Amino acid sequence: MTETLLAINGLTKAYPGVVANDDVSFEINRGEVHALLGENGAGKSTLVKAIYGLVKPDAGTMALNGVPYAPAEPSAARSAGVTMVFQHFSLFDALNVAENIALGMDHPPKMTDLAARIRDVSQGYGLPLDPDRIVGDLSAGERQRVEIIRCLLQDPKLLIMDEPTSVLTPQEVDILFATLRKLRDEGTSILYISHKLEEIRALCETATILRLGKVVGGCDPRETSAGDMAEMMVGSALKVPSKPEATTGDVRLSLTGLSAPAPHAFGTALRGITVDVMAGEVLGIGGVAGNGQDELLLAMSGEMPVNPQMIRLSGKPIGDWAVNTRRAAGLLAAPEERLGHAAAPVMSLTENAALTGTTRKGLASHGMINWARARAFAEDIIRSFDVRTPSAANAAQSLSGGNLQKFVIGREILQEPDVLVVNQPTWGVDASAAAAIRQALLDLASGGAAVIVISQDLDELMEISDRFAALNQGELSEPRPAKGLTVEDIGLMLGGASASEGQSA
Amino acid sequence: MITLEKRPEPSRGWSLATPLLAVILTVLAGGLVFAALGYDPVATIRAIFYEPIFGQNSFYYLPQLLVKAGPLILIANGLAIGFRAGIWNIGAEGQYIMGAIFAAAAGLAFYPSESFLIWPLMITAGAVGGLLWALIPAILRVKFGTNEILVSLMLVYVAENILSSAAVSWLRNPEGMGFPGSRNLSQWDAASNPEIIAGTGMHWGVAAACIAVILAYVLMARHILGFQIRLAGQSPRAAAFSGVNPARLVLICMGVAGLLAGLAGMFEVTGPARKISIDFNVGYGFTAIIVAFLGRLHPIGILLAGLLMGLTYIGGEVAQQSLGLPLAAIQLFQGMLLFFLLAVDVLTHYRPKRTQRAAS
């Protein structure tokens, strides 16, 4: 018997118009944490879906423990010992932890036995979880634990994790890594997908790098610098955004005791958010998902009107203004969810340009839309932000995540806002596109706009923010200058300790 | 094994081809049903599709085609606007009835005046009647979150009861020897809706339907409201982000649909139907739903679908008269049309792909 757990040989999968995986071959050894690196659209998702039985490859073979392995569906993969934790959780909010786990198992045991096993396994791996709690009440980190424990209960040989840390605080990341190392020491292999190169350097022993569907190389992340890995992914040197010294001006946006009830059963209420944002500055708002980020953006965009005095734009109370009135006044927003919120999936890019640009770009007169001008605006965005698409007539859903994100952010920036609020501007976006988006946000701020970046990516926030504040259960901490903040400070801010406690700690 | 794979973008070609494919499948399946009922399928299909247009009695049937298609197109255009926005007005039949009653009542209040103002007054009253009837489910949805499908549908039955009470009591013809039904509006010059060109079936309602097609086309293709309607139907959260007010959209879409259905009722009661009677409504409001979908919710498509549907009505009558085909078989045939359209619609969004069955 060899050390190799999973051998992938010549795996190829083509979709109409694109070859997602082109003759991909690599091996995962027993008991290793193997990183899968690549830009968005490099074919990582297709590859792991093939391993997990969600996608049937056009050509190529896989062997698990030396035996040919071709799962027709995920249950076949699971019974062979391959499990996966997805980036987006598939959990039912209204059910409790044990019920959710039972739903994901092929042969669930009796509920009482299951609850006991959940307790055992979760304690054993340092991921405490109460099987009786309702999932809707759990934090993102705890939800991820549900998914991980669901996998662990099936005694996996290979655990696939897709961007697991994007929803975690630094402290939670440490706990997760400890768990993964323990699993590795017990002989479980882990295939780890992430954009965060520093994490990969801390955790993984081997890395396979994909670019445009092909394996372009491998490395030992412990001995390769993040910059070198990024270059292998992108194929060229990565441009790191340059942050000029901020010169701040007048207060552009002022939030005073911004409060709002949760818009739906599993939403978060905003509680007394107070902060001023100056012209020329970037305010970074960190926090674990589900702590009011979406609600804050809805309150800013005007989709969730609040008391007029709670939001002031250049002194004017606008809390109850409608969406397009705010746009006209210079307050623009870009929500987190690209498809379905920031953009309409089946509509063309031209139509999606008109989605927010009608007011400020004068795309309509007497109620009639000037589609030629809308198209010109869309083409301007595509050109200025290097959006890769055959034309402005293509549907938004045909673009890769990173390209659509560039389009969505570009659409707002090109409207020259006085205040721009963005939520998760580089979520799931590849390194070079993320750098371009961050640079554009910095340029916007240095041009005199006030920019609020809500993000769960702390590295990103540290890179571009002038001041940093944390959102916790709908409350915003006192903003602090981003320069000089340590990871511990941030962790405490995210964890809900008040700013003064954070300073004394 | 054949599996379906989602297309990156909906196919334009299939979106145009599926209505034709649906018609072909309906003809095939309908032929089988007619054969099973003991009728010659070829003769039946010929009676439905060929006789009204090319047969020896086509001089009689062709005008009837416009008479049938006119209200269908008018109503379906209004419905399609709401359907595009994800607002499901199923009660056009009721709005059609109320338009007719309002128009007849407004006109008859001035009988036997020959004022030229009566005709525009009746048009306005018909539009208002349909509009008000449609705003009931719209306001209930906006204010209380009720389901507009159920409310609009149930209001059809309310309208039918109002219709029969109008026909037997408060709008009954005082000179009608006690028979139910209102005065004959088409014999009263001030209120009649004659053919614009004699012998063509082209009455004012048909003209209104053509105008509605043009206006709906401009609205959906060019006007910002049309864009908002499409946005709200495809992606409600993106619509909210874009600044669409959903409550306003519900009121507008339901209102427009009701207004057009009311107009259709008005032109019908003053023209082909001649008067308010107990069985005045013949299901145009429901058939228009099929027409709207058969026409892919597109104004031009609805124009063609309305003509096709009108043809199945007329052809159905021909088949009833000449072959003795039961009415239920014709209605089944019309229902199959919508069924097949929705079934083949999957090809617009998915492509079939042949795959080998993987060993598990």
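Which residues form one aromatic cluster with Tyr284(B)? In this predicted model, the cluster joins Tyr96(B), Phe280(B), Tyr284(B) and Tyr313(B), and two of these residues can be followed in detail before the text turns to other rings and then to chain A as a whole.

Tyr284(B) and Tyr313(B) form an aromatic pair with an edge-to-face arrangement, their centres lying 6.3 Å apart and their planes meeting at 70°. Because Tyr284(B) belongs to helix H12 (residues 284-294) of chain B while Tyr313(B) belongs to helix H13 (residues 299-323) of chain B, the pair ties together parts that are 29 residues apart in sequence. Tyr284(B) is buried, with a relative accessible area of 2%, and Tyr313(B), at 16% relative accessibility, also counts as buried, since the limit for that class is under 20%. The ring of Tyr313(B) has a further partner in Lys68(B), whose charged end sits over the ring at 5.8 Å from its centre.

A pair of aromatic rings is described by the distance of the centres and the angle of the planes. Over all chains the count comes to 16 aromatic pairs. One of these is formed by Tyr50(B) and Phe54(B), with 5.3 Å between the ring centres and 40° between the planes, so the pair is tilted; the angle falls in this class because planes under 30 degrees apart would count as stacked and those over 60 as edge-to-face. As for the surroundings of these two rings, Tyr50(B) has 35% relative accessibility and counts as partly exposed, whereas Phe54(B), at 57%, counts as exposed.

Chain A also offers a charge placed over a ring: the charged end of Lys182(A) sits over the ring of Tyr125(A), 5.4 Å from its centre. Taken as a whole, chain A contains 17 helices and 23 strands. Its radius of gyration is 23 Å, close to the 23 Å that the globule rule gives for 505 residues, so chain A is as compact as a globular protein of that length. The C-alpha trace of chain A spans about 70 × 50 × 40 Å along its principal axes.

The remaining values describe the packing and surface of chain A. Of its 505 residues, 58% count as buried, and among the contacts in chain A with a separation of 6 or more, 66% come from residues 24 or more positions apart. The accessible surface of chain A comes to about 19500 Å², with 51% of it belonging to carbon and sulfur atoms.

Definitions and conventions:
Residues numbered from 1 in each chain as written. Chains lettered and ligands numbered in written order. Predicted model: local features only at pLDDT ≥ 70, side-chain atom pairs only at ≥ 80, totals over all residues. Heavy atoms only, no water. Phe/Tyr/Trp six-rings, centres within 6.5 Å; stacked < 30°, edge-to-face > 60°. Buried < 20%, exposed > 50% of the residue type's maximum accessible area, 1.4 Å probe, protein only. Helix = DSSP H or I, 4+ residues; strand = E, 2+ residues; numbered from the N terminus. Lys NZ or Arg CZ within 6 Å of the ring centre and 35° of its normal. Rg over C-alpha atoms; globule rule 2.2 N^0.38 Å. Contact = heavy atoms within 4.5 Å. Areas by Shrake-Rupley, 256 points an atom, 1.4 Å probe, with all protein chains shown as cover.
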